[in-house]
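Hello,

Here is the structure I promised to pass on to you. Please open it alongside this email, and I will walk you through what turned up.

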Amino acid sequence: MNMMRDKNTRYYMMTLCGLVGSFLILVCFLSWFHGREVQRLVFEREQSMVSSLMEQGVPRASIVRALSGADAGSAGNSAELLRQLGHTQAVSFRLFPGIDRSVRLFGGAAVVIVLVPGIFLLGAAVWFLWKRERLYRQAEGVIARFSEGNFEEHLPQNEDGSIYQLFSAVEELAAALRAQGEKEQNGKVFLRDMVSDISHQLKTPLAALHMYTEIIAQEPECRETVERFSQKAMRSIDRIEELVQTLLKVSRIDAGSIVFQKEWQTALGLVESAAADLTIRAQQEKKRLVMEGDAAQTVFCDREWTREAVANLIKNALDHTEENGTVTVSWECSPAMFRLSVSDDGCGIAEEDIHHVFKRFYRGRGDGGRQGIGLGLSLAKSIAEGQGGMISVSSAPGEGAAFILMLPTEAAKQSS
């Protein structure tokens with residue numbers, strides 16, 4: 001049997017067999033002791049009976065014939081008479097059929113009393129060890145599949161006992177390994193997608209930059225051509241730099257390498273800082289940028305990263321607002337959540353696009369000629385979620401769009 005290969009199991013079974021053997025030896029000793037004791041009692045009784053008969057004047061020959069059928073000889077007293085008949089403690093009790101039969105009955109009964117529980121005990125031990133061995137083999141198979149990356153099966157954990165506590169600890173370790181494996185796999189997928197996205201997005205500006213450089217090289221004497229295509233080359237370089245910087249920011253947040261330094265900020269100061277570089281653009285494009293909210297309202301967040309998220313939301317709203325349109329930034333705060341809204345009265349978002357607007361590089365069907373590289377909303381979403389918040393959007397075609405940035409307040413953070 002496989003279970004007998006285990007040293008501890010062998011020691012356990014040897015101990016049980018040793019105990020049963022010891023009980024059998026003890027039974028043999030008790031049987032011998034029982035025989036000697038019965039023999040002593042019988043001889044004492046015979047001596048007492050012979051003495052009584054001799055005192056009553058019964059002839060010795062009659063007593064001897066009554067005990068054994070032999071002649072009396074010259075025995076002088078009861079003890080001497082019994083010695084002549086061989087009724088002494090030195091004689092084996094097996095020579096006396098009655099005593100021997102009593103010893104055999106006692107010994108047989110004692111052996112049965114010992115062997116039956118002993119066999120039951122050994123059988124129960126073998127059954128227990130077999131079940132435990134089967135449990136070990138089952139656990140061994142599950143753990144082997146854990147090592148192969150298959151976590152569909154689980155170890156038994158529905159009972160009490162040290163072995164099940166061990167199984168529970170192994171399950172926790174397997175869960176940690178699974179999470180680590182999924183994290184590594186997600187990291188590989190993330191890296192693959194990131195490389196694919198970067199290569200795809202860099203293809204167009206790099207191709208344009210290569211074309212502009214060729215045109216400049218072909219007409220170095222034409223000042224107007226050099227200046228015009230140099231400016232286009234610089235715009236392509238700026239686009240590449242913006243793309244790479246934004247991708248790095250998104251990847252750092254998604255990889256968990258950014259530690260947000262949260263402090264209390266005034267909402268007005270945060271919004272004004274985010275809109276500072278976009279106010280001039282709004283004026284040039286003849287669009288209104290309106291701020292509404294309590295100037296004294298505060299928010300608990302990382303100033304620089306949250307400013308970046310709000311700026312991206314405002315920039316996205318300006319990108320989708322026509323001339324003379326209005327972009328409104330408003331905010332309010334509840335005991336649990338700070339809520340900032342960036343809404344516009346632009347073209348809105350198509351129903352088939354609204355569930356994809358936060359994906360990287362996603363451009364809706366109506367975004368063909370608009371500015372942007374399709375990373376601003378994705379970065380804003382990563383920043384909000386990195387601080388325990390969220391971003392949602394509501395829109396309808398032709399009715400503008402409203403992006404809602406929500407961040408937990410300090411009170412909500414402490415109660416969580």
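Residues 24 or more positions apart account for 68% of the contacts in the chain with a separation of 6 or more. Please keep in mind as you read on that this is a predicted model. The chain runs to 416 residues, and 35% of them are buried. It has ten helices and seven strands. The surface it exposes comes to about 25200 Å², with carbon and sulfur atoms supplying 56% of that area.

Helix 8 is a good place to start looking. It covers residues 303-319, which makes 17 residues. From first C-alpha to last it reaches 24 Å, close to the 24 Å expected at 1.5 Å a residue. How much of helix 8 is covered? Most of it: 14 of its 17 residues are buried. At the start of this helix, a side-chain oxygen of Asp302 comes to within 3.3 Å of the backbone nitrogen of Glu304.

Next, the aromatic rings. The count of aromatic pairs comes to four. One of them is formed by Phe260 and Trp305, whose ring centres are 6.2 Å apart with 75° between the planes. Because planes over 60 degrees apart count as edge-to-face, this pair is given that label. The pair also links distant parts of the chain, as its two members are 45 residues apart. Phe260 sits in the loop between helix 6 (223-254) and strand 1 (263-266), whereas Trp305 belongs to helix 8. Are these two residues buried or exposed? Phe260 has a relative accessible area of 16% and Trp305 one of 15%; both count as buried because the cut-off is under 20%.

You may be wondering about cysteines. How many disulfides does the model contain? The count is zero. As for two of the cysteines, Cys301 is buried, at 0% relative accessibility, while Cys333 is partly exposed, at 33%.

A residue in helix 6 may also interest you: Thr225 has its place there. Thr225 is buried, with a relative accessibility of 9%. Once its neighbours within four places in sequence are set aside, Thr225 is in contact with Ile215 and Glu219.

Finally, a look at the backbone. Most residues other than glycine have a negative phi. Two residues with a positive value are worth a look on your screen. Lys286 has a phi near 60°, a positive value in a residue other than glycine. Lys286 lies in the loop between helix 7 (267-284) and strand 2 (288-292), and is exposed, with a relative accessible area of 51%. Asn324 also has a positive phi, near 70°. Asn324 is found in the loop between helix 8 and strand 4 (326-333). With a relative accessibility of 62%, Asn324 counts as exposed, because the cut-off for that label is over 50%.

If you want a short route through the model, begin at helix 8, where 14 of 17 residues are buried. From there, follow Trp305 across to Phe260 in the loop between helix 6 and strand 1. You could then visit the loop that holds Asn324, between helix 8 and strand 4.

Happy browsing, and do write back with any questions.

Best wishes

Conventions
Residues are numbered from 1 along each chain as its sequence is written. This is a predicted model: local features need pLDDT of at least 70, side-chain atom pairs count only at pLDDT 80 or more; totals for chains, interfaces and linings use all residues. Side-chain values use heavy atoms; hydrogens and water are left out. Helices (H or I, at least four residues) and strands (E, at least two) are DSSP runs, numbered from the N terminus. The expected span of a helix is 1.5 Å times one less than its number of residues. Buried means under 20% relative accessible area, exposed over 50%, partly exposed in between (1.4 Å probe, protein chains only). A polar contact is a pair of N or O atoms within 3.5 Å; within protein, one must be able to donate a hydrogen and the other to accept it, and residues adjacent in sequence count only if both atoms are side-chain atoms. Rings of Phe, Tyr and Trp (its six-membered ring) pair if their centres lie within 6.5 Å; planes under 30 degrees apart count as stacked, over 60 as edge-to-face and the rest as tilted. A disulfide is a pair of cysteine sulfur atoms within 2.5 Å. Contact means heavy atoms within 4.5 Å. Accessible areas come from the Shrake-Rupley method with a 1.4 Å probe; for residues, only the protein chains shown count as cover.
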